[in-house]
Amino acid sequence: MIQRDIDIKSNDNTLFTTSQCNNRCIMCCQPPLVTDDIEELYKENIKRIMQAPKDLPMIGITGGEPTLLGEKLISLVSLVREQLPNTEIHILSNGRAFQDGEYTMRLAQAGGEKLVVGVPFHSDYYKDHDIIAGCKGAFNETMIGLYNLAGAGVCIELRIVMNALNYKRFYSMAQYIHRNLSFVGWIAFMGMEYVGYAVKHSKNIWIEPIEYIPELTSAVKYLSEWKYDVNIYNIPLCLLPEQYRRFAQKSISDWKNKFIETCSTCTHKHDCCGLFSTSIKPYEGLKSL
Ligand code: SF4
């Protein structure tokens, strides 16, 4: 995999650490590979950190599953913190490795205050979470991981990738978050990219966003009334009722974002996330506002 240069003008500067993963998420947009790539990518990423602009606002660390790097992940985070002291570090992880409290604490210390870990939460029902993660026991390990991250003072972004298997539980997931995970920094409801496993498993998991808007808005309403920071990622503004558009973010990375013909006359284009250029078809129901 060729990594793009770190560019201060981009909204997506990422260190890709491995194609390997210990989950097999049913809607993974970038299906994992069984390949020995950690060492090579580690060396490449060290060079990229050393060459990065010192005033870079944010750097992502992703995979695959970055915690499969073990100690090397702590070394990478330490190097970013040393070279780029003011840069926010955002790690995307399935959270399972953070069931190891000591490892979590050392990672937290390496990252310092500006460390955020994004962790997926697929369902409040453990069996559904495990099915979506493609791994038995994932729910319990991720929950322990979330508590360890919070205990180590790490800011957590809780990510809910919306799909046909979990959308009916959005409201009960919101209640579960309030009762059990109230320490999270923010919650992101995320539209699915229609690529990779999402296409392969389309019959089981694909659902058009327009079909789950009522469940999404009821969960967002609940969480916002309890004063959580709640966000909607990857859903175009025209699919959301007007009063919920303020929760939507321009979340799609600049290199894989596109607008279609319908958008050319839309007055909301500047504030809209648009569509994934990587998805093999646009969402249904788009209309110029
Ligand atoms: S028409 Fe296009 S630009 Fe306008 S809200 Fe919909 S997706 Fe966004």
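Here is a short chat between a visitor and a guide about a predicted model.

Visitor: Let's start with the sheet. What makes β1 and β7 edge strands?

Guide: The sheet is open and has seven strands, in the order β1-β2-β3-β4-β5-β6-β7, with parallel pairing. β1 (14-16) and β7 (230-233) each pair on one side only, and that earns them the edge label. From one strand to the next, the twist averages 20°.

Visitor: How do you know that β2 and β3 pair?

Guide: Pairing takes at least two bridges between the strands. Strand β2 (residues 58-62) and strand β3 (residues 88-92) have four bridges and run parallel, so they count as a pair. In that pairing, Met-58 stands opposite Glu-88 of β3.

Visitor: Which helix packs on the sheet, and which strands does it touch?

Guide: That's helix α5 (residues 138-151), which touches β4 (115-120) and β5 (155-161). The direction of α5 makes about 165° with that of β4.

Visitor: On to helix pairs. Why are α6 and α9 called roughly parallel?

Guide: Two packed helices are described by the angle between their axes and the distance between the axes. For helix α6 (residues 170-180) and helix α9 (residues 209-225), the angle is about 20° and the axes are 8 Å apart. Angles under 35 degrees count as roughly parallel, so α6 is roughly parallel to α9. The crossing of α6 past α9 is right-handed.

Visitor: Which residues make that contact?

Guide: From α6 you have Phe-170, Tyr-171, Met-173, Ala-174 and Ile-177, and they meet Glu-215, Leu-216, Ser-218, Ala-219, Tyr-222 and Leu-223 in α9. Sorted by class, the contact of α6 with α9 has nine nonpolar residues, one polar and one charged.

Visitor: And α2 with α3: why does the label "roughly parallel" apply there?

Guide: Same kind of check. α2 and helix α3 (residues 101-111) pack at about 20°, with axes 8 Å apart. That angle falls under 35 degrees, which makes α2 roughly parallel to α3. Their crossing is left-handed. On the α2 side, the contact uses Leu-73, Ile-74, Val-77, Ser-78 and Arg-81, and on the α3 side Arg-106, Leu-107, Ala-110 and Gly-111. Those residues split into five nonpolar, two polar and two charged.

Visitor: What makes α4 and α5 roughly perpendicular?

Guide: The range for that word is 65 to 115 degrees. Helix α4 (residues 126-133) packs against α5 at an angle of about 100°, with the axes 8 Å apart. The two are therefore roughly perpendicular to each other. In the contact, Tyr-126, His-129, Asp-130 and Ala-133 of α4 meet Ala-138, Phe-139 and Asn-140 of α5. By class, the contact of α4 with α5 has four nonpolar residues, two polar and one charged.

Visitor: Now the backbone. Where is Lys-227, and what is its phi?

Guide: Lys-227 sits in the loop between α9 and β7. Its phi is positive, about 70°, although Lys-227 is not a glycine. Most residues other than glycine have a negative phi, and most peptide bonds are trans.

Visitor: Which peptide bond is cis?

Guide: The one from Gly-63 to Gly-64, with omega near 20°. Gly-64 lies in the loop between β2 and α2 (71-83).

Visitor: Last stop, the ligand. How many residues surround the ligand, and which are the closest?

Guide: There are 14 residues around the ligand, and the closest are Pro-236, Cys-238, Cys-263, Cys-266 and Cys-272. To be in that shell, a residue needs its C-beta atom within 6 Å of the ligand.

Visitor: What classes make up that shell?

Guide: Nine residues of the shell around the ligand are nonpolar, four polar and one charged. Keep in mind that Cys and Pro count as nonpolar here.

Definitions and conventions: Residues numbered from 1 in each chain as written. Predicted model: local features only at pLDDT ≥ 70, side-chain atom pairs only at ≥ 80, totals over all residues. Axes fitted to C-alpha atoms, helices over the stretch in contact; angles between N-to-C directions. Parallel < 35°, antiparallel > 145°, perpendicular 65-115°, else oblique. Left-handed = near helix turned anticlockwise from the far one by under 90°. Contact = placed C-beta atoms within 7 Å.
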